[in-house]
Amino acid sequence: FLAPFLFGGSRSLSASTSQRGDVRVERKRESRCSTWDRGPAGIRKLQPHNLERRISVADIKLSISSRDLQHASPSPGSTKPPIIMASSGFITYKTITLDVADQIASIAIETAKKNGFNPMAVCVLDATGVPIVTKRMDHCTGPAYATIAQHKANTCIRMKKSSRAYGDKYLPDDATPGKMVRILSQIHSNEGEIASFPGGISIKCKETGQIIGAVGASGAAGDEDEYCCLQGVWKSSIAEEIVTEPADHSCTTVKVEE
């Protein structure tokens, strides 16, 4: 079907390629091209040096808009699916900035201080799970709690739910051996970098529901860790544009109500 585009004319030609890579064209009707040499058995063989243009994909530039492709549909009776193409080759997403991440971590730590919670570490991740800010209170055990805080936040990004919800799903009071094996396998598959206990929260865009970041805290009790993370997000400059998971806290040891 490419011949009319390459050589001009409105008369049809059919093409095939031999094992040697030569392009052979059988004349169905009288052609307007007169530079071909006659080959065996009435087949006319194209001589590349006689052609003004070589047959190649690069020579054929089809100008089809993405709108046409999105609305393309198969012909009646065709078994081929419609052509569907994204309007862009990129996926865009929102994530929190360094400034916002610093706000969240600082507010979470101040909340822990005001309520007399044990010293904790707080880790804030972006939408892809990369740490933006990690802060550790004085007298908080160094590597242990900072690592656990990051793993709690990792859970929100990788498993698409808060670390509390992840634990509740697989470790209820009546957890079966099958569920225990499943969660252990998932944790092992993630190289131990997810957690199944409270203290990690998701930050979601209110408009789209997309996860734009996560916060994890460790060092105090699980409910206290989670409470500090929630307060950090709720009091940040993006509070009106986001929702959190969980949507509310479960802490019963709060001394200073916010």
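Buried here means under 20% relative accessible area, with partly exposed running from there up to 50%. Keep that cut-off handy, and keep in mind that you're looking at a predicted model.

**Stop 1: helix 5**

Select residues 163-170, which make up helix 5. Colour S163, R164, Y166, G167 and Y170, the buried residues of this helix. Now look down the helix axis: those buried residues fall within an arc of 165°, so they line one face of the helix.

What covers them? Bring up helix 4 (142-159) and helix 6 (177-189), then strand 7 (200-205) and helix 7 (222-234); the cover over the buried residues of helix 5 includes these four.

**Stop 2: R164 and its partners**

Stay on helix 5 and zoom in on R164. Its relative accessibility is 18%, so R164 counts as buried, given that the cut-off is under 20%. Add the side chain of D223, which meets R164 in a salt bridge, 2.5 Å from N to O. D223 sits in helix 7 and R164 in helix 5, so this pair ties together parts that are 59 residues apart in sequence. Unlike buried R164, D223 is partly exposed, at 27% relative accessibility.

Don't hide anything yet: show E226 as well. R164, D223 and E226 are linked in a network of salt bridges.

**Stop 3: K152 and D225**

Next, pick K152 and D225. Their closest N and O atoms are 3.0 Å apart, and the two form a salt bridge. K152 belongs to helix 4 and D225 to helix 7, so here the pair ties together parts that are 73 residues apart in sequence.

Are these two residues buried or exposed? Switch on a surface to check: K152 counts as buried at 2% relative accessibility, and D225 counts as buried too, at 1%.

**Stop 4: E110 and K113**

Last, move over to helix 3 (residues 98-114) and select E110 and K113. This is another salt bridge, with 3.7 Å between the closest N and O atoms. The two residues are three apart in the helix, which means about one helical turn separates them. E110 is partly exposed, with a relative accessible area of 41%.

**Before you close the viewer**

How many salt bridges are there by this rule? The count comes to seven. Among them you've now visited R164 with D223, K152 with D225 and E110 with K113.

Methods:
Residues numbered from 1 in each chain as written. Predicted model: local features only at pLDDT ≥ 70, side-chain atom pairs only at ≥ 80, totals over all residues. Heavy atoms only, no water. Buried < 20%, exposed > 50% of the residue type's maximum accessible area, 1.4 Å probe, protein only. Arc of directions from axis to C-beta. Contact = heavy atoms within 4.5 Å. Salt bridge = Lys/Arg side-chain N within 4 Å of Asp/Glu carboxyl O.
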